[in-house]
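Here is a short walk through one protein chain. Start with the whole, then move to single helices and residues.

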Amino acid sequence: MGHKARLIILGRQGAGKGTQCALLGSRLGIPHVSTGDVLRAEVAAGSPLGDEVSSYLRTGSLVPDSLMLDLVAHRLGDPETGAAGFLLDGFPRTLAQGKALFDVLGPDAVDLAVEIYVPAHVVRPRLAARRVCVRCGAVTALSPGDPATTPCPDCGGQVTRRDDDNDRAIERRLALYDEQIGPLLVWLDSRGVLATIDGVGDPETVHQRILEAVGGASPELVDDGAGLGRMRRLA
Ligand code: AMP
């Protein structure tokens, strides 16, 4: 195939997409494009786009498709970016976005969409415990009984909750996910590019499941010589 992996990573909020994209990005040498991260950075920078989307983010509502499509087309439409591969996290979220993505990138633009399946009752407590370091940006989890002032384990900085990790926005985001994801999954499956993996387990176990799914779809995408075959033998 001669190109780097072009993957869509799907899953409920709190399913571990960010963690898995970080592992996959360094394993496969491809950039992680999180639409949520891009939008949060725009809001933090106070850009015109940030001002336009901040209320959607705060309430856990979906940003209108027209804005999202511009943003993603700009980031991925460039043939050079396409050749570097990508890990698309947070987009597409709806059937309309999925169809638009293939319209922009072409019918073979994505090697695989991986759905990291974690039930809602497992992600709720994860989202309630999730903290982000204001200094280094690390995403961590408060353990039961930890005081809210517990510092970042990586750099000692102050940690905070994401604006949309409040109970109301969490429920809204999870409900929207459930509402929108079914038709998108059915459509991706009909195109032969969907793999669903069990997302419950420690991050390294889930990472191995994703690599197996990607390798099952296109072995050359994960087999770089020192690759998956060797990792399987060592396991
Ligand atoms: P995330 O970090 O993926 O949970 O995204 C955070 C927020 O960004 C979402 O709750 C939406 O407000 C917005 N957002 C991110 N990606 C999309 C998308 N593909 N379509 C619409 N809104 C999005």
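Helices here are DSSP runs of H or I with at least four residues, and they are numbered from the N terminus. By that rule Ile210 sits in helix α9. Keep that residue in mind; the text returns to Ile210 after the overview. One caution comes before that: the model is predicted.

Take the overall form. The chain carries 11 helices and 8 strands. Its C-alpha trace spans about 50 × 45 × 30 Å along the principal axes. Does the radius of gyration fit a compact globule, or what value would that need? For 235 residues, a compact globule would come out near 18 Å, and the chain has 18 Å, so the two agree.

Now the inside and the surface. Of the 235 residues, 45% are buried. The exposed area is about 11,700 Å². Carbon and sulfur atoms supply 54% of that area. Charge is next: there are 25 positive and 30 negative charges, and their mean positions lie 4 Å apart. Contacts also reach along the sequence. Among those between residues at least 6 apart, 70% join residues at least 24 apart.

Go back to helix α9. This helix covers residues 203-217, 15 residues in total. From first C-alpha to last, α9 reaches 21 Å, close to the 21 Å expected at 1.5 Å a residue. Which residues of α9 are buried? They are Val206, His207, Ile210, Leu211, Ala213, Val214 and Gly215. The spacing in such a list has a background. An α-helix has 3.6 residues a turn, so residues three or four places apart point the same way.

Ile210 deserves a closer look. Its relative accessibility is 0%, and therefore Ile210 counts as buried; the cut-off is under 20%. What does Ile210 touch, leaving aside neighbours within four places in sequence? Its contacts are Gln20, Leu24, Val114, Ile116 and Ile197. Take Leu24 from that list. Leu24 and Ile210 are 186 residues apart in sequence, yet their C-alpha atoms are 8.6 Å apart in space.

Helix α7 spans residues 120-129. Its buried residues are Ala120, Val123, Leu127 and Ala129. They pack against β5 (130-133), β6 (139-141) and α8 (167-190). Ala128 also belongs to α7. Is Ala128 buried or partly exposed? It counts as partly exposed, because its relative accessibility is 32%, and that class runs from 20% to 50%. Not counting residues up to four places away in sequence, Ala128 touches Arg161 and Ile170. Leu184 is another matter. Ala128 and Leu184 are 56 residues apart along the chain, and 27 Å separates their C-alpha atoms.

Move on to helix α8, where Ile181 is found. Ile181 has a relative accessible area of 8%, so this residue is buried. Ile170, a contact of Ala128, gives a second distance. Ile181 and Ile170 are 11 residues apart in sequence and 16 Å apart in space, C-alpha to C-alpha.

End with the backbone. Most peptide bonds are trans. Where does a cis peptide bond occur? It joins Phe91 and Pro92, with omega about -5°. Pro92 lies in the loop between β3 (86-89) and α6 (95-105).

How values were computed:
Residues are numbered from 1 along each chain as its sequence is written. This is a predicted model: local features need pLDDT of at least 70, side-chain atom pairs count only at pLDDT 80 or more; totals for chains, interfaces and linings use all residues. Side-chain values use heavy atoms; hydrogens and water are left out. Helices (H or I, at least four residues) and strands (E, at least two) are DSSP runs, numbered from the N terminus. The radius of gyration is taken over C-alpha atoms; the globule rule is 2.2 Å times the number of residues to the power 0.38. Buried means under 20% relative accessible area, exposed over 50%, partly exposed in between (1.4 Å probe, protein chains only). Contact means heavy atoms within 4.5 Å. Accessible areas come from the Shrake-Rupley method with a 1.4 Å probe; for residues, only the protein chains shown count as cover. Lys and Arg count as positive and Asp and Glu as negative; His and the chain ends are not counted. The place of a charge is taken as NZ of Lys, CZ of Arg, CG of Asp or CD of Glu. The expected span of a helix is 1.5 Å times one less than its number of residues.
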